[in-house]
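Okay everyone, thanks for coming. I'd like to walk you through one protein model today, so have a look at it while I talk.

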Amino acid sequence: NERNARNVLVNDITNQKRIEQEIRDLNANLEHKINERTYQLALTNADLQTQIEERSRIQDELRKSEKNYRSVVENVNEVIFKTDAKGLWLFLNKSWETVTGFSVEESLGQFFINYVHPDDRQLNMELFEPLIKREKEYCRHVIRYITKEGGFRWIEVFARLSLTENNEVTGTFGTLQDI
C-alpha cells in the first residue's frame, strides 16, 4: 500500500511537472506570438502614421493651392463663369458684381441669357450656336449685358464647352470682359 501510495505520489508529481512544463512552453509560445504580433502592429502603426503625415502634407498643399487659385479668380477684372448644359449659372466670380451690379448669390441658378440685353439675345444665341453644335472649339463675340441699374455694358464673351470624359456636354465656361 505504501508502495502504491508512493507510485501515485510520484505519478502525480511527474504529471504535475509535465503540466507545469507544458504551461511554461505555452506561455513562452504565447509570449513569442504576442511579441511577433506587437512588432507587426508597430510596423503597421508606423506605416499608418507615415500615410497620415503624407495626407496631411498633401491637404496643406491643396489648401495653399486652392487659396492661391481663389485669390486669382476673385481678383481678376474679368468675370469668370461656368454654366450647366441648360445655360444656368453655376459659378460667377466677384467681378460679376462689379460689372453688372447683380450679386453672385442672386444670379447663380439663373439662365445666362436673362442678363444679355433683350435686343441682343437672338444674336447671342446665333453666335453661340456653332459652339453648341461643336462646329467651333470656342466662341468669342461682343454683346451687351444688362446692369442691375437698368443700363448695359458692352461685354466681350469668350466661352468653351465643358465636357465629360465621354465627350458629353455639361455646360460652358469662360470669361466676360467689360470693354
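**Salt bridges, strands and one cavity**

Let's start with a little trio: E54, R57 and E61 are linked in a network of salt bridges. Before I go on, keep in mind that this is a predicted model.

So, zoom in on two members of that trio. R57 and E54 touch through their side chains, with N and O 2.5 Å apart. Both of them sit in helix α1, which covers residues 2-75, and they are three residues apart, about one turn of the helix. Are they buried or exposed? R57 has 37% relative accessibility, so it counts as partly exposed. E54 comes out at 35%, so that one is partly exposed too.

How many salt bridges does the whole structure have? The search finds eleven. I'll show you two others. K94 and E97 form one, with 3.8 Å from N to O. K94 is partly exposed, because its relative accessible area is 41%, and E97 is partly exposed as well, because its value is 25%.

Then there's D120 with R144, where the closest N and O atoms are 2.9 Å apart. This pair ties together distant parts of the chain: D120 is in the loop between α3 (104-107) and α4 (121-132), while R144 is in strand β3 (residues 138-146), 24 residues away. And here both partners are buried, D120 as well as R144.

Okay, on to the strands. Strand β1 (residues 79-84) runs antiparallel to strand β2 (residues 89-92), and three bridges join them. If you want one pair to look for, K82 has F91 as its bridge partner in β2. These two strands make a hairpin with four residues between them, and in it G87 takes a positive phi near 95°.

β1 has another partner, which is β5: they pair in the antiparallel sense over six bridges. Here, F81 stands opposite G174 in β5. Now hang on to G174, since we meet it again from the other side. Which residue of β4 comes in here? A159 has G174 as its bridge partner in β5. β4 and β5 are antiparallel and share nine bridges. They form a hairpin too, with five residues between them, and N167 in the turn has a positive phi of about 70°.

Next, the inside. How many cavities of 30 Å³ or more are there? The count comes to one. The largest cavity holds about 30 Å³ of space. What lines the largest cavity? Quite a list, including F81, W89, F112, F128, Y145 and V157. T83, T172 and L176 are in the lining as well. β1 and β5 each supply at least two residues of that lining. So you've now seen F81 twice: opposite G174 in β5, and in the lining of the largest cavity.

Last stop, the surface. V142, F152, W154 and I179 form a nonpolar patch there, with about 410 Å² of accessible area together. Let's pick out W154, which you'll find in strand β4 (residues 152-163). W154 has 43% relative accessibility, so it counts as partly exposed. Since exposed means over 50% and buried means under 20%, that value falls in between.

That's my tour. Have a go at finding G174 between F81 and A159 yourselves, and shout if you get lost.

How values were computed
Residues are numbered from 1 along each chain as its sequence is written. This is a predicted model: local features need pLDDT of at least 70, side-chain atom pairs count only at pLDDT 80 or more; totals for chains, interfaces and linings use all residues. Side-chain values use heavy atoms; hydrogens and water are left out. Patches are made of residues with over 30% relative accessible area and no salt bridge: like charges are joined within 9 Å, nonpolar side chains (Val, Leu, Ile, Met, Phe, Trp, Tyr) within 5 Å. Accessible areas come from the Shrake-Rupley method with a 1.4 Å probe; for residues, only the protein chains shown count as cover. A salt bridge is a side-chain nitrogen of Lys or Arg within 4 Å of a carboxyl oxygen of Asp or Glu. Buried means under 20% relative accessible area, exposed over 50%, partly exposed in between (1.4 Å probe, protein chains only). Two strands pair if DSSP finds at least two bridges between them. On a 1 Å grid over the protein atoms alone, a cavity is a set of points where a 1.4 Å probe fits but cannot get out, and a pocket is an open set with protein on both sides within 12 Å along at least five of seven lines; lining residues have an atom within 4 Å of a point. Grid points are joined across faces, edges and corners, and a volume is the space filled by probe spheres set on the points.
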